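Got your viewer open and a selection box ready? Load the model below and follow along, one selection at a time.

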Amino acid sequence: MKLKLFYPNQSSELALPAVGPLSAGFPSPAEDYLEAVLDLNQALVKNPSSTFYGTVKGNSMTEAGVDDGDLLVIDKALPYRHQALAVCYLDGEFTLKRIKIEGQNLYLMPANPTYQPIMVRAEQDFCVWGIVTYVIKKVY
Amino acid sequence: MYALVDCNNFYVSCERVFRPDLNGRPVVVLSNNDGCIIARSNEAKELGIRMGEPAFKIADFLQQNQVAVFSSNYALYGDLSHRVMSILGRFTPELEIYSIDEAFLGLAGLNVDWEDYGRKIRETVLRHVGIPVSVGIAPTKVLAKAANHHAKKGRGKQGVGVLDSPEKIEAALKELPVDEVWGIGRQYTKLLKAQQVETAWEFRQLDDDWVRRRMTVVGLRVKKELEGIACLEMELIPPAKKVICTSRSFGADQTDLGPLEEAVATFAARCAEKLRRQRSCAGMMMVFLHTNGFKEDEPQYAKNLVFKLPAATNSTIELARHARAALRVIYKKGYRYKKAGVIVMGIVPEERVQGSLFSGVDEAKHAAVMKQIDRINAKYGRDTIKIAAQGSGEKWKLRRQKLSPCYTTRWEDIIKVRV
């Protein structure tokens, strides 16, 4: 498991590869080359203090590679850019969509032909809450 | 220069990070056991809801006004607090975490536009964590606190208050009630009001000798700080605690010894964890319990027991064993108990502990077991491994009926995103 979120500036404990019992006569030739093992947190969490996780419910973004049950790594601090996957808050619910702006109108675009774009009306409660940086999928 | 950064209505703001629909609506957070109001949004303050008000007394009012009510979710607040503090730590190596929602930043040697700088702090915290903060910047810590107050009262610009000239300082201190000055407590406020001192500015006009005589050197330091002379150091490393206390009010009154034993064993376990985290051991313990003093018609009983431990220790097993034994001494049948607690004292650094020949405890073995327990609990969550004496807590644990999900500390509670 992972990221002790209690201490966001502290990456998870890095386990060091075992050296084996020290022999008095022949020290392991690998000993001088030991490195910390690879830690997924380092690869997937660039900004621990602004990173949050979410789970996916639904199928409107399958063509963007996002399926029901996937785990999302969300960075709250990133700005939206074209084609980014945005975690939006709309009328009391988190939703994941791409954003399209046409004239005065803002649309939430699905990535699945069986779903329709959603036009956000001015009176609706809407914000872009964070940007998805990684989608983690269980495939086995 | 120093900055004081203070999170606005912190507990409420934490709840709103994951419930943006609550922005602009009245929100309150309740104390342990859903007792009293301990945090209010600005909208709740405008409704006249007071701090410390018992929730049950205003239950109807809260409902009529559609106030969103939350039990306190310290796992969530603690995590967001760490995030805020780690961002503040990017601005300066001199960071003093003063409380869960406040920190001083030492800004010596910086040459910047302070208004801009304060705004940048504010925007960065808001963008990364979603928590709004107020920033006060001034030549001393006491003045930074005053500048922050100034900003909160809407006198500063967009949540940033800067007191960087004698004129600005004078204007702010003339508006600051003396009891709002950092370091002036209730006793000193009474003393000062008797002298017709109402504002921080009037306090600053007092004679140094009088202040030293009546308010000791501590009061004089506050006065000097208000004059712009820095005499309070940054406390960068929190001093190791000399006393550690864990106590709780029970969700429901307890009459039997069994659940009370489980409770004090759990409190002892928490104390042991805190001791190990600061690498120290305790040589003394106090165990206390009492009935509910507010229920005047019920028989009342309160008792504590202070005793020396056979050897200073931070072993959960040892501390829980002694806590339960002490409880059995002070427990009396026939009362309805509201609260119990464990306090450990006589705290010494781990490496200074001398084994006692007579304690009969294999300290090395205990230390090895505790290390493994801490490791597993850090990885899989608190109390994944606990000692049997702690029990399930079913009977006595906190009442938290309106608890929000632990969005950042439990996998099953992370946000659900509809797509």
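Here is a short tour of chain B and the place where it touches chain A.

**Stop 1: colour by confidence.** Keep in mind that this is a predicted model. The predictor gives the complex an ipTM of 0.79 and a pTM of 0.78. Now colour chain B by pLDDT: the chain averages 90, and 97% of its residues score at least 70. Select residues 10-17 of chain B, helix H1(B), for the highest confidence in the chain, at 97. The lowest is in H13(B), with a mean of 83.

**Stop 2: the contact between the chains.** Show both chains and pick out the residues that touch. You should get 22 residues from chain B and 33 residues from chain A. On the chain B side, try selecting helix H4 (74-91), helix H5 (114-129), helix H13 (363-380) and strand S13 (415-418), since each supplies at least two residues of the side that touches chain A. Which of these brings the largest share? That would be H4(B), with six residues. Colour the chain B side by residue class and you get eight nonpolar, seven polar and seven charged.

**Stop 3: strands paired across the chains.** Stay at the contact and select residues 93-102 of chain A, strand S4(A), along with S13(B). These two strands pair in the parallel sense over two bridges. Zoom in on Phe94(A): the bridge partner of this residue in S13(B) is Val417(B).

**Stop 4: a sheet in chain B.** Hide chain A and bring up the four strands of an open sheet, ordered S9-S12-S10-S11 in chain B, with antiparallel pairing. Why do S9 (244-254) and S11 (302-313) of chain B each have one side without a neighbour in the sheet? Both stand at the edges with a single partner strand, so there is no neighbour on the other side. On average, neighbouring strands here are turned by 15° against each other, direction ignored.

For a look at one pair, select S10(B), residues 280-291, with S11(B): they run antiparallel over eight bridges. Label Leu289(B) and you will find Lys303(B) of S11(B) standing opposite.

**Stop 5: helices on the sheet.** Add residues 257-277 of chain B. This is helix H11(B), which packs on the sheet and touches S9, S10 and S12 (337-349) of chain B. The direction of H11(B) makes about 30° with that of S12(B). Last selection: residues 316-330 of chain B, helix H12(B), lying across S10, S11 and S12 of chain B. Compare directions with S11(B) and you get about 150°.

Key
Residues are numbered from 1 along each chain as its sequence is written. Chains are lettered from A and ligands numbered from 1 in the order in which they are written. This is a predicted model: local features need pLDDT of at least 70, side-chain atom pairs count only at pLDDT 80 or more; totals for chains, interfaces and linings use all residues. Two residues are in contact if their C-beta atoms, placed from the backbone, lie within 7 Å. Ala, Val, Leu, Ile, Met, Phe, Trp, Tyr, Cys and Pro count as nonpolar, Asp, Glu, Lys and Arg as charged, and the others, Gly among them, as polar. Two strands pair if DSSP finds at least two bridges between them. Axes are lines fitted to C-alpha atoms, for helices over the stretch in contact, and angles run from 0 to 180 degrees between N-to-C directions. pLDDT is the predictor's confidence in each residue, from 0 to 100.
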